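Let's take a walk through this structure together. Have the sequence and the 3D view ready, and we will go from ring to ring and then to a hollow space.

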Amino acid sequence: MTDTSSAEARSAVAALEEQLRQLPKVSLHDHLDGSLRPATIVELAAEVGHDLPASTPEELEEWFVAASTSGSLETYLEGFAHTTAVMQSAESLTRIAREYVEDLAADGVVYSEVRWAPEQHQHGGLSLDDTVAAVQRGLEEGMDAVSEKDGFILVGQLVSAMRHSDRADEIVELALRHRDRGVVGFDIAGPEAGFPPSRFAGAFTELARGMMPATVHAGEGDGVESIRDALISGRAQRLGHGVRIAEDISVTANDGDSAESPAEDVYEVELGPVARWVRDRQIHLEISPTSNLQTGAVAGFAEGDDGAVLSDHPLDMLYQLGFSVGINTDNRLVSGVTLSGELARVASTFAYELAELADFQINALEASFLGYEEREALSGMILEAWQ
């Protein structure tokens with residue numbers, strides 16, 4: 001495993017990224033307010049009088065990426081003050097959602113579940129229902145525009161409640177009201193530590209009564225107990241990030257001195273109870289490699305003294321141990337990534353072939369909140385293209 005730091009390696013990654021862009025992909029963890037076009041932010045900010053830290057789209061894009069490399073989840077989230085500031089009208093939400101779909105389609109994504117928090121978009125007087133309707137209008141316009149160019153993409157909404165605002169009951173009701181109008185599931189987001197899913201147990205119970213699935217941000221800004229609570233109180237069917245499940249796995253290396261493998265290390269792996277539950281029941285891990293490095297989610301796995309690098313990320317260990325792993329972007333603008341680029345970096349770092357990258361797509365599709373028939377149809381299309 002090597003990190004892609006040399007010019008030659010970066011060139012190879014770029015070439016692979018371009019190849020992967022032509023293949024159909026699945027995105028389950030991507031935030032709408034972290035994936036705007038820089039030019040759109042500049043234009044809309046001028047209209048509403050919001051001051052930005054940069055004046056041109058190029059400078060603004062560079063600012064977001066620089067701000068995202070702090071190694072702190074809280075600092076990483078600060079950039080969203082600028083994106084949400086320009087997402088307070090129905091018109092802006094519709095435009096941003098439409099562009100979001102078009103940008104995903106240009107990167108080869110054929111199915112996406114976009115998450116966002118309606119409660120953060122009411123400063124201009126919109127009701128919660130107004131915000132969901134505006135985003136759905138934009139998503140449908142985007143899907144139609146892609147279809148008119150003989151492309152295909154399907155996008156559903158994941159409505160998120162912000163953990164620190166205590167409006168989960170209200171947001172669950174909102175999600176259930178719009179379940180036949182674009183909303184496919186529920187999520188809780190925001191600061192993880194100090195705001196456990198048990199705080200919203202009643203909301204998750206109501207969600208379960210309504211037979212709506214949930215994915216829960218857990219194992220990013222907090223550890224194994226946060227994941228345990230997401231599974232128990234949050235009834236999570238997927239884990240947003242979930243990378244710190246690796247803290248519940250012990251790996252011991254013994255010098256190989258047997259006749260069968262005299263020159264190789266022998267690894268003994270033991271899964272703790274939470275890790276075993278997640279692995280055995282295939283609770284899907286929505287892993288976002290670059291974001292996980294930027295927010296410090298994998299800092300505890302760093303082998304060197306200079307901070308974690310991609311080869312320190314536990315995703316390969318989790319994949320090899322049989323966990324259901326998917327690759328995501330989290331926030332394409334904020335992290336400065338695309339899904340094709342993330343897959344290319346992961347492939348280069350962990351020496352994956354196309355077959356492994358295809359596994360990530362099928363893992364994500366099987367864990368999606370699509371119906372069985374839709375999953376089967378998309379699965380066939382994806383496998384045929386990747387083969």
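Which residues form one aromatic cluster? They are Tyr-319, Phe-350, Tyr-352 and Phe-360. Keep in mind as you look at them that this is a predicted model.

Now let's turn to rings taken two at a time. The structure holds 6 aromatic pairs. One of them joins Trp-63 and Phe-64, whose rings meet edge-to-face, with 5.1 Å from centre to centre and 80° between the planes. That angle counts as edge-to-face because it is over 60 degrees. The two partners can also be described by their accessibility. Phe-64 has a relative accessibility of 1%, so it counts as buried. Trp-63, at 28%, counts as partly exposed.

Rings can also have a charge for company. Find Arg-281 and you will see its charged end over the ring of Trp-277, 3.8 Å from the ring's centre. Another such arrangement involves Arg-238, with its charged end over the ring of Phe-369 and 4.1 Å from the centre of that ring.

Our last stop is a space inside the protein. The structure holds 1 cavity of 30 Å³ or more, and the volume of the largest cavity is about 30 Å³. To find this cavity, look for the residues that line it: Ser-35, Leu-36 and Arg-37, along with Ile-96, Glu-99, Tyr-100 and Asp-103. Sorted by class, this lining has 3 nonpolar residues, 3 charged ones and 1 polar one. Tyr-100 is counted with the nonpolar residues here, because Tyr belongs to that class.

Conventions
Residues numbered from 1 in each chain as written. Predicted model: local features only at pLDDT ≥ 70, side-chain atom pairs only at ≥ 80, totals over all residues. Heavy atoms only, no water. 1 Å grid on protein atoms, 1.4 Å probe; cavity = no way out; pocket = protein on both sides within 12 Å on 5 of 7 lines; lining within 4 Å. Points joined across faces, edges and corners; volume = space filled by probe spheres on them. Phe/Tyr/Trp six-rings, centres within 6.5 Å; stacked < 30°, edge-to-face > 60°. Buried < 20%, exposed > 50% of the residue type's maximum accessible area, 1.4 Å probe, protein only. Lys NZ or Arg CZ within 6 Å of the ring centre and 35° of its normal.
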